[in-house]
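Colleague: I'm new to this one, so could you take me through it and explain the labels as we go?

Modeller: Happy to. Here it is.

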Amino acid sequence: MLPVKRFTDFIQLHNLFNSNSKVLLAVSGGMDSVLMAHLFKSAGFSFGIAHCNFQLRGDESVGDQEFCNNLAQQLRVPFHVTTFNTLEYAANEKISTQMAARQLRYQWFEQISQQAGYDVIALAHHQNDAIETILLNLTRGTGIAGMHGILPKNGKLVRPLLFLQRGEIATLVDENRLAYREDSSNASVKYARNKIRLEIIPKLKELNPALENTFEKNLQHFRDLELLLEQKTAALKKELFLYREDTILISLAEIKALEPKRLLLFNLLQDFGVNETIVDDLIAGLDKHPGRVFETPGYCMTLDRGKLIVSKTSATEYSETLIDRDDLLVNYAGYKVNVLHDESALIVKNNPFAVSVDTDLLLYPLTLRRWRQGDHFYPLGMQSSKKISDFFIGQKVPLNKKNEIPLLVNGNGEIIWIGGYRPDERYKVSDNTKKVTIFELYKI
């Protein structure tokens with residue numbers, strides 16, 4: 001007899017889905033997923049079966065696909081199947097075969113669930129899988145999040161067999177005479193997870209025969225600790241994060257007062273793509289001179305004037321945009337620039353976001369770009385050169401904002417205008433000017 005009540009109780013306890021949900025079952029043909037399919041059928045849920053043929057085991061892979069097709073027909077449920085060239089995908093993406101198979105199947109499961117209207121995707125992980133995941137994470141290095149094992153629910157992914165141990169599953173499959181497929185690769189210790197399952201866990205069970213029960217209790221402790229840390233982090237964000245337009249300011253004094261500093265700072269900045277190395281470097285720089293910049297994909301963090309400034313970045317901010325002679329409008333890194341030509345010597349005054357330039361001095365194409373180390377110009381009204389970095393300091397431009405300021409550069413490499421701040425003396429309109437070109441800067 002199948003443990004249908006324990007199965008449905010676990011689903012209700014963790015709110016995996018409701019009785020009206022349409023569920024897509026990931027079925028490999030192994031005993032775990034086969035048992036899951038029969039439990040779904042016995043519980044009366046609406047479901048379909050999805051099977052991936054990764055073409056990694058020759059005739060075995062073909063046999064797995066045929067078996068799953070027959071199982072779907074036996075249970076009278078929809079069957080979805082796809083075939084992947086897994087080795088080619090792994091080579092192209094420069095990742096392991098296991099990682100390639102993982103990426104391919106989850107992408108396809110999501111695609112099928114959307115196309116066929118499935119509410120959730122059910123995976124046949126059990127308690128022993130959770131143990132293997134924790135041990136694997138520990139050997140690779142992990143934080144508290146890596147210690148909670150496999151969660152019963154993660155977005156659309158649900159794992160309704162986490163109430164069972166591997167030994168229980170084997171017994172149930174045997175007692176109920178359920179046919180299944182044996183994956184020969186499961187016996188190979190060349191994969192890290194298999195090595196843990198076949199060699200490490202048996203040794204641990206010699207020390208503690210009730211290893212699964214012990215780990216289940218530990219998992220709950222780790223999940224409680226993770227929840228406590230999440231609540232503490234959320235409270236600190238409300239207390240420490242000061243939002244200013246598209247940036248976040250955090251007092252360095254408040255960061256120094258955090259305890260345990262490394263753990264809390266990592267969790268505070270985790271959403272901005274930091275890793276442990278960046279957090280360590282940031283902490284080391286708290287008492288040093290300001291100006292240190294830490295970059296992650298999509299974000300820039302700057303230690304400046306007693307604050308940590310977190311701002312978004314994008315690829316466009318680091319690009320260059322050319323302006324040709326006939327252009328009247330160009331876009332650059334969140335700005336648009338209007339270009340106007342005037343036959344008179346019109347001078348724009350008291351507007352830092354517009355500049356009048358002597359047309360005859362322009363060498364096309366012009367360039368819009370961010371500043372670079374070594375850039376210099378002649379500020380309007382001055383006869384001597386000034387480094388743009390020094391100009392920014394004098395204007396008290398925050399470090400995180402410097403890369404957002406557009407520079408208009410002539411075809412000969414000279415700076416014509418620091419957009420929003422100051423034009424160059426050499427390009428100003430004079431008594432000898434015959435034509436004027438006006439550049440107007442607008443924030444998009």
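Colleague: How many helices and strands are there in the chain, and what makes a run count as one?

Modeller: The chain has 14 helices and 22 strands. They are DSSP runs numbered from the N terminus: H or I over at least four residues for a helix, E over at least two for a strand. Note that this is a predicted model, where local features need pLDDT of at least 70 and side-chain atom pairs count only at pLDDT 80 or more, while totals for chains, interfaces and linings use all residues. Residues are numbered from 1 along each chain as its sequence is written, and side-chain values use heavy atoms, with hydrogens and water left out.

Colleague: What is the radius of gyration of the chain, and what would a compact globule of 444 residues have?

Modeller: The chain has 31 Å, against a value near 22 Å for the globule. The radius is taken over C-alpha atoms, and the globule rule is 2.2 Å times the number of residues to the power 0.38. Along its principal axes, the C-alpha trace spans about 100 × 50 × 40 Å.

Colleague: Why is serine 113 called buried?

Modeller: Buried means under 20% relative accessible area, exposed means over 50%, and partly exposed is in between, using a 1.4 Å probe and protein chains only. Serine 113 has 1% relative accessibility, so it counts as buried. It lies in helix 5, residues 97-116. Leaving out residues up to four places away in sequence, serine 113 touches Leu24, Tyr118, Ile121 and Lys156, where contact means heavy atoms within 4.5 Å. Across the chain, buried residues make up 44% of the 444.

Colleague: And why is glutamate 245 called exposed?

Modeller: Its relative accessible area is 80%, so glutamate 245 is exposed. You'll find glutamate 245 in the loop between strand 7 (242-244) and strand 8 (247-251). Its phi is near 55 degrees, a positive value in a residue other than glycine.

Colleague: Which loop residue before helix 5 has a positive phi too?

Modeller: Lysine 94, with phi near 55 degrees, sits in the loop between helix 4 (86-93) and helix 5. Lysine 94 counts as exposed because its relative accessibility is 72%. Most residues other than glycine have a negative phi, and most peptide bonds are trans.

Colleague: Where are the cis peptide bonds you'd point out, and what is omega there?

Modeller: One joins glutamate 259 and proline 260, with omega about -5 degrees. Proline 260 is in the loop between helix 10 (252-256) and helix 11 (261-269). Another joins tyrosine 364 and proline 365, with omega about 0 degrees. That proline 365 is in the loop between strand 15 (354-358) and strand 16 (366-369).

Colleague: How do you know that the buried residues of helix 1 line one face?

Modeller: The buried residues of helix 1 (residues 4-13) are Phe7, Thr8, Phe10 and Ile11. Seen down the helix axis, they fall within an arc of 155 degrees, so they line one face. The arc is that of the directions from the helix axis to the C-beta atoms. An α-helix has 3.6 residues a turn, so residues three or four places apart point the same way.

Colleague: What do the buried residues of helix 1 pack against, and which exposed residues does the face turned away carry?

Modeller: They pack against helix 2 (31-43). The face turned away from the buried side carries the exposed residues Lys5, Gln12 and Leu13. Just after helix 1, asparagine 15 takes a positive phi of about 50 degrees.
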